Amino acid sequence: MSIAILGAGNMAKGLAGLFAKAGYKVVVGARDMSKAQALAASAGAGARGDSIAAAAKSADVIVLATPFAAAADILAAAGDLAGKTIVDISNPLTPTTWV
């Protein structure tokens, strides 16, 4: 199974490393290709960095690891996601909102 992680922040970095070490094919997609490639290199185990659209197209599962405010733009940049499983780890709450 292949997993695309869309985003290049701390959560993306942690998940990319865990998924790669578990043997999954991992591709990190970000607006800044150099950040995606650096994060993928730090994950090891053959993870690679690519554009958002290329990462999403190449994967079976997509993990949306972006700030909530960026989620809609990132999903639009991902292109056709028909048939893909999407896991959204963004949190729409603000520091002053309590659940």
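Phe 68, setting aside neighbours within four places in sequence, is in contact with Ser 90, Asn 91 and Pro 92. What we are looking at is a predicted model, so please hear every value in that light. Where does Phe 68 sit in the chain? It is in the loop that links strand E4, residues 61–64, to helix H4, residues 71–78. Its relative accessibility is 48%, so Phe 68 counts as partly exposed; the cut-off for exposed is over 50%. Phe 68 also has a C-alpha to C-alpha distance of 8.9 Å to Ile 89, with the two positions 21 residues apart in sequence numbering.

Staying in that loop, Thr 66 is found there too, between E4 and H4. Is Thr 66 buried or exposed? With a relative accessibility of 11%, Thr 66 counts as buried, because buried means under 20%. Its contacts, again leaving aside neighbours within four places in sequence, are Leu 6, Gly 7, Ala 71, Ile 74 and Ser 90. Ser 90 also appears in the contact list of Phe 68.

Now step back into the strand. Leu 64 belongs to E4, and Leu 64 is buried, at a relative accessible area of 2%. Not counting residues up to four places away in sequence, Leu 64 touches Leu 6, Ala 71, Ile 74, Leu 75, Val 87, Asp 88, Ile 89 and Ser 90. For one of these, Val 87, there is a distance to quote: Leu 64 and Val 87 are 23 residues apart in sequence, and 6.0 Å apart in space, C-alpha to C-alpha.

That brings us to the sheet. It is open and made of five strands in the order E3-E2-E1-E4-E5, with parallel pairing. Which strands are at the edges? They are E3, residues 48–50, and E5, residues 85–88, and each of them pairs on one side only. From one strand to the next, the twist averages 25°.

Helix H2, residues 33–43, packs on this sheet. H2 touches strand E2, residues 25–29, and also E3, and the direction of H2 makes about 165° with that of E3.

Next, strand E1, residues 2–6. E1 is joined to E4 by four bridges, and the two run parallel. On the E2 side, E1 and E2 pair over five bridges, also in the parallel sense. One residue illustrates both pairings: Ile 5 stands opposite Val 63 in E4, and opposite Val 28 in E2.

How many residues of E1 are buried? Five of the five are, so E1 is largely enclosed by the rest of the structure. In a regular strand, side chains alternate between the two faces of the sheet. Here both faces of E1 are covered. Ser 2, Ala 4 and Leu 6 lie on one side, Ile 3 and Ile 5 on the other, and all of them are buried. Leu 6 has come up before, as a contact of Leu 64 and of Thr 66.

On to the helix pair. Helix H1, residues 10–21, packs with H2 at an angle of about 45°, and their axes are 8 Å apart. That angle makes H1 oblique to H2, because it falls outside the ranges under 35 degrees, 65 to 115, and over 145. The crossing of H1 and H2 is right-handed. Which residues meet there? From H1 they are Ala 12, Lys 13, Ala 16, Gly 17 and Ala 20, and from H2 they are Leu 39, Ser 42 and Ala 43.

A word on aromatics. A pair of rings is described by the distance of the centres and the angle of the planes. This structure holds one aromatic pair. Phe 19 and Tyr 24 form it, at 6.3 Å centre to centre and 85° between the planes, which is edge-to-face. Phe 19 counts as partly exposed, at 21% relative accessibility. Tyr 24 counts as partly exposed as well, at 32%.

Last item, a backbone point. Ala 45 is not a glycine, although it has a positive phi of about 50°. Ala 45 is placed in the loop between H2 and E3. At 61% relative accessibility, Ala 45 counts as exposed.

Methods
Residues numbered from 1 in each chain as written. Predicted model: local features only at pLDDT ≥ 70, side-chain atom pairs only at ≥ 80, totals over all residues. Heavy atoms only, no water. Buried < 20%, exposed > 50% of the residue type's maximum accessible area, 1.4 Å probe, protein only. Contact = heavy atoms within 4.5 Å. Pairing = 2+ DSSP bridges. Axes fitted to C-alpha atoms, helices over the stretch in contact; angles between N-to-C directions. Phe/Tyr/Trp six-rings, centres within 6.5 Å; stacked < 30°, edge-to-face > 60°. Left-handed = near helix turned anticlockwise from the far one by under 90°.
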